[in-house]
Amino acid sequence: MVFFGRERELGRLTQHLDLRHGLARAVIVSGRRRVGKSRLVEEFCRRSTLPYVVYQATRGRNPDAERRDFLRAVARSSLPGAELLSGVSVADWTQALRSIAVALSPRTPALLVLDEVPWLVERDPEFEGALQTAWDRHLSTLPLGLILVGSDVSVMTGMQAPTRAFFGRAAPMRVDPLTVADVADMTGLVSADAIDAALITGGYPEIVNAWVPGQSPLDYVAQALETPLSPLMVAGELSLLSEFPDVSRARAVLEAVGSGERSFSGIAGRAGGDTNVASGTLAPILKSLVTKGVLVADSPLSTSADTKNRRYRIADPYLRFWLRFLDRSIPLVERGRGDLVMNAVRAGWSAWRGRAVEPFVRDSVVRLVSTTDWASTVAVGGWWNRQNNPEIDLVGADRAHVARAVTFLGSIKWRTDSPFDGRDRDALVRDSAAVPGSTAQTPLVAVSRAGVVPGLDLATRWGPDDLVGAWRAG
């Protein structure tokens, strides 16, 4: 797979792992599964020209076997004294990690990568303590760059907590999917289509790499549906199997949200089948999925607190697309009837895209307003009441959760062939009056895929080029 972009992330690793002073440095690299963390770290090691070793843990493996393979990997590596560890056996992780010092030279900087750290922690509760002991007593005075990689965001974040053994010893670094600007460059698409491509692929490198430059979004999907082994088809199932290996209610909850259910009661009904999932069962599942970063719980943004009117959504755009259109369609694709799946995609595409683009637009607008008169805006969300009538697509605020001030209100119209017009503005004016913190002087904005009718009284308007450009500004 061609390595594309990631110059910013490579630069951050270079900065964090500056070993010129002869002392060890450590980085905790986290991010969703299949986002390209391992590939990024491998590329960094290769470009560094330093001796290095990369060890990837295996889920559910016996700790003794894991340690044996770890030492074999070190013995076969390019570390200065690697051969000294050939045939060495150890009783625990403290000894295994301490032995790394034998393979290092105080005059030769080197890199050690431990990939899928959450699986090591899962199988051996003593791993974190062993890492801290080996680091403090044996490794921290050597020119070693330690990179800890993991996809379970909650575990990787937890390792940085003050109560955990390795606290304060590593710089945190999160790897996100490719930006929409990266997707536009890789696919050769104009901004509007590049945004569609980002919604479909989620910015996952392996899925974007399968895109033929210039190919339209729906043509790409149609081609991917010709085989059940295409990255678009495979990545979703592999991601869910790795995070939720057992059949559980969590998978049913994700499928309910992916089907379009957003409220607690709606999810309870859809995930439960014939009977609603009990509140006491559903609440901790939702909390866990939010903690893992799989779901996002949105609350209405205004000057009035409203924590009881949450709406849930799949955090990852690609997984959102996969759950909506592809999850239950794999048997059809395996029988060569991807055309039937494509018919369903075409029928539901406009409605799905109209909702799916909203989080992307909000994230983009936060970037756009940072250099405008609305630079005090630090959060952009939406507002709705319990009946979802009215519902405001864009609410700018001076802080998240409960705002002190609403800085602007706006509407998103992602229609293909009709611009934002007078009726859309009139609806925005009417509905804005319901938002706590709004006044008759609150600026109104529009985001439209097909442009805005000239002459409308709006504070500003943004289109696809503006949204994509926001991700090129730095």
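Two strands are said to pair when DSSP finds at least two bridges between them. Keep that in mind as we walk through this predicted model, starting with one of its sheets.

**The sheet**

Strand S8 and strand S9 (residues 391–397) clear that bar, because two bridges are enough. They run antiparallel to each other and share five bridges. One of the partnerships links Ala 379 with Ala 397, the latter lying in S9. In general, the strands of a sheet are joined by backbone hydrogen bonds, in a parallel or an antiparallel sense.

Both strands belong to an open sheet of five strands, ordered S8-S9-S10-S11-S12, in which the pairing is mixed. At its edges sit strand S8 (379–384) and strand S12 (460–462), each of which pairs on one side only. From one strand to the next, the twist averages 30°.

**The chain as a whole**

Stepping back, the chain holds 21 helices and twelve strands. A compact globule of 474 residues would have a radius of gyration near 23 Å, and the chain's 25 Å agrees with that. Here are some overall values for the chain:

| Property of the chain | Value |
|---|---|
| Span of the C-alpha trace along the principal axes | about 75 × 55 × 50 Å |
| Exposed area | about 21000 Å² |
| Share of the exposed area from carbon and sulfur atoms | 50% |
| Buried residues | 51% of the 474 residues |

Sequence-distant contacts are well represented: among contacts between residues at least 6 apart in sequence, 68% join residues at least 24 apart.

**The nonpolar cores**

Which residues have the most contacts inside the largest nonpolar core? They are Leu 232 and Phe 321, in a core of 95 residues. Helix H19 (residues 338–368) gives the most to this core, contributing eleven residues. Beyond its neighbours within four places in sequence, Phe 321 contacts Leu 199, Ile 200, Val 221, Leu 232, Leu 326, Val 345, Trp 349 and Trp 352. There is also a second, separate core of 40 residues, including Leu 71, Leu 97, Ala 110 and Ala 134.

**A look at Leu 40**

Leu 40 lies in helix H2 (residues 37–48). Is this residue buried or exposed? Its relative accessible area is 0%, so Leu 40 counts as buried, the cut-off being under 20%. Setting aside residues up to four places away in sequence, Leu 40 touches Phe 3, Arg 6, Glu 9, Leu 10, Leu 13, Met 173 and Val 175. Leu 326, one of the contacts of Phe 321, is 286 residues from Leu 40 along the chain, and their C-alpha atoms are 28 Å apart.

Key. Residues numbered from 1 in each chain as written. Predicted model: local features only at pLDDT ≥ 70, side-chain atom pairs only at ≥ 80, totals over all residues. Heavy atoms only, no water. Helix = DSSP H or I, 4+ residues; strand = E, 2+ residues; numbered from the N terminus. Axes fitted to C-alpha atoms, helices over the stretch in contact; angles between N-to-C directions. Rg over C-alpha atoms; globule rule 2.2 N^0.38 Å. Buried < 20%, exposed > 50% of the residue type's maximum accessible area, 1.4 Å probe, protein only. Contact = heavy atoms within 4.5 Å. Areas by Shrake-Rupley, 256 points an atom, 1.4 Å probe, with all protein chains shown as cover. Core = buried A, V, L, I, M, F, W, Y, C linked by side-chain atoms within 4.5 Å.
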